[in-house]
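This note is intended for a colleague who is meeting the structure for the first time. Please read the points below with the sequence and the model at hand.

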Amino acid sequence: MAVRLGELLLKAKRITVEQLQEALNHQRQYGGKLGFNLVTLGFVKDEEITSLLSKQYGVPSIALGAFEIDPAVVKLVPAETAQKYQIVPLSRAGATLTIAMTDPTNVFAMDDIRFMTGYNVEPVVASEIAVIEAIQKYYGKAAGHAPGAAASAASALEVASQALEDMPALPDADVEVLEDLEEISAEMLAKQGEQAPIIKLVNVLLMSAIQKGASDIHVEPYEKELRVRYRVDGILYNVMSPPMKFRDAMTSRIKIMAKLDIAEKRLPQDGRIKIRFQDNGSTKDIDFRVSCLPTLFGEKIVMRLLDKDKLMLDMTKLGFESESLVKFEAAIQKPWGMVLVTGPTGSGKTNTLYSSISRINTSETNIMTAEDPVEFNLMGVNQVQVREGIGLTFAAALRSFLRQDPNIILVGEIRDFETAEIAVKAALTGHLVLSTLHTNDAPSTVNRLMNMGIEPFLVASSLNLVCAQRLVRRICKNCVKAQPTPAKALAQAGFSPEEAKTVVPNRGKGCEKCNNTGFKGRVGLYEVMEVTEEIRELVLVGASALELRRKAVEEGMITLRHSGLRKVKEGVTTIDEVVRETVT
């Protein structure tokens, strides 16, 4: 922002190159923003900078000093946030909150405030001094600096610099470098984690995530900031920045709840938290899968929310097209063979597999699963938690399963040749095997198995069907509206010229129910490739993924992109969501 402002002022001939250089030198010496230093040196007026930014970015400017703000509006934005981003909330009209900013290009600030307040954010430009004075006026001394704070800081810096110059030089021997940065006391960490404010903060963190419908909580320590983010409908949002002094105490509290070793800060750890709370008069249990990872500035913690009520076991509601669902159900009803579900992490593969098992779970079948970790407990299914540390790998579990008289085997993930080999052999000896792989689409799964070392004839003989999937956000039903889109743009996305002329996509306007995002919930996109006789022949001769795709499409396979376009046509999601998750 600093260099950009200097360029703008030079271009507008408001300052000279010499004045800009002097202001930059002043900034390096005393700190603060470039605009503040230019005004302090008398090279430009505060109003001139505001006016220039207003014209440059097409954002209205305001004289904050002449504006009286409603205290109810001020309360919408916490003092820490106002100080952090140098903003002041001005007014609220309906679902729109107008804020005064010194930097109208700061989209991170607007996103934070949008998520925090639930309102759409409209920025206006105000001078830095006016914003500092307004923060001081409406939030008090605790929140901001006084108007002369920058000048005071500068004078303090001068005093400190002079003191350093006057200090006699110290010999090298007087400086000792310690080997360890800190001494870890498990008792102290435990005590910190059990303090009432920390317990309350972590509880609020967990309950807020449940209320907002988050799937993950990220607690991330950085050098000068502790950041908490929620993943809602696949997108990460900043929700708070607790003080850095809470970092160790928060980490310890979460690790105590997850029954992890609070003194171990050098190695990754995994645990689980189970909480029970009252929800509309009924008792509800929710699991949090906890992962701790040592980073440069502390341990990053990610908690995955596992809510049984959100586990969709009805396959007709997952998002399958009717033709694809018929093929998928036919494959899982076969007595033997292999059905693979592929896609990246967080694409809903586990949900699809659990739905499949739920569909074929009867009293006549013996279903065995090996998972890492077991996310949900299913009645009538024998679930095994993989523990690689003690030798209970997917391959070891699979070998044991074959001695347990199974009908159906679910392998959480095929990661290596050993697991793939046993799974293929199980599929060829009268068992139905369900598993997942990480591939981009359905046809490339065949090549992935061959790259692992499985012979083409084994792949061709064992594989019944491959289902690739992605998750896209659903348009909020409460604020949905039509969004006419040029036919050219629709054709570029993949619609036929005829469809492009008639399709009118929808979008969400943004409301309280969807936190003004326009989206609520997610739906799956599915690419189901049935392994027919023609495709088996191509596999046997080592055909490429491109050739397999071409043949599968000829036989009626709906690709991920076309699955998405169908949902756009039905008004379920937007073009942007489909383009973000799929390729043509």
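1. A predicted model is under discussion, and a loop residue is a useful place to begin. D233 is found in the loop that runs between β5 and β6. The phi angle of D233 is near 55 degrees, a positive value in a residue other than glycine. Is D233 buried or exposed? Its relative accessibility is 16%, and D233 therefore counts as buried, the cut-off for that class being under 20%.

2. The two strands beside this loop pair with each other. β5, comprising residues 226-232, and β6 run in the antiparallel sense and are joined over five bridges. One of the residue pairs can be located directly: Y230 has Y237 in β6 as its bridge partner.

3. These strands belong to a wider sheet. What is the order of its strands? The sheet is open, has six strands, and follows the order β6-β5-β4-β9-β8-β7, with antiparallel pairing. Its edges are formed by β6 (235-240) and β7 (269-279), each of which pairs on one side only. On average, neighbouring strands of the sheet are turned by 25 degrees against each other, direction ignored.

4. A helix accompanies the sheet. Helix α12, made up of residues 247-257, packs on the sheet and touches β4 (214-221), β5, β7, β8 (282-295) and β9 (298-306). The direction of α12 makes about 45 degrees with that of β9.

5. A separate strand pair deserves attention earlier in the chain. β1 (residues 87-93) and β2 (residues 96-101) are paired in the antiparallel sense over six bridges. Within this pairing, V88 stands opposite A100 in β2. The hairpin of β1 and β2 has two residues between the strands, and G94 there takes a positive phi near 65 degrees.

6. The next point concerns a pair of helices. Two packed helices are described by the angle between their axes and the distance between the axes. For helix α13 (residues 322-332) and helix α14 (residues 349-360), the axes come within 10 Å and cross at roughly 60 degrees. α13 is therefore oblique to α14. The crossing in which α13 passes α14 is right-handed.

7. Which residues of α13 and α14 meet? From α13 the participants are F328, E329 and I332, while α14 contributes T352, S356, R359 and I360. By character, the residues of this contact divide into three nonpolar, two polar and two charged.

8. Two further loops contain backbone features worth checking. The peptide bond from D372 to P373 is cis, and its omega is near -5 degrees. P373 has its place in the loop between β11 (367-371) and β12 (382-385). In another loop, between β17 (506-508) and β18 (519-530), lies N516. N516 has a positive phi of about 60 degrees although it is not a glycine. With a relative accessible area of 8%, N516 is buried.

9. Finally, some figures describe the chain as a whole. How many helices and strands are there in the chain? The chain has 24 helices and 18 strands. Of its 584 residues, 47% are buried. Among contacts in the chain with a separation of 6 or more, 63% are accounted for by residues 24 or more positions apart.

Terms used. Residues are numbered from 1 along each chain as its sequence is written. This is a predicted model: local features need pLDDT of at least 70, side-chain atom pairs count only at pLDDT 80 or more; totals for chains, interfaces and linings use all residues. Side-chain values use heavy atoms; hydrogens and water are left out. Two strands pair if DSSP finds at least two bridges between them. Helices (H or I, at least four residues) and strands (E, at least two) are DSSP runs, numbered from the N terminus. Axes are lines fitted to C-alpha atoms, for helices over the stretch in contact, and angles run from 0 to 180 degrees between N-to-C directions. Contact means heavy atoms within 4.5 Å. Angles under 35 degrees count as roughly parallel, over 145 as roughly antiparallel, 65 to 115 as roughly perpendicular and the rest as oblique. A crossing is left-handed if the near helix is turned anticlockwise from the far one by less than a right angle, and right-handed if clockwise. Ala, Val, Leu, Ile, Met, Phe, Trp, Tyr, Cys and Pro count as nonpolar, Asp, Glu, Lys and Arg as charged, and the others, Gly among them, as polar. Buried means under 20% relative accessible area, exposed over 50%, partly exposed in between (1.4 Å probe, protein chains only).
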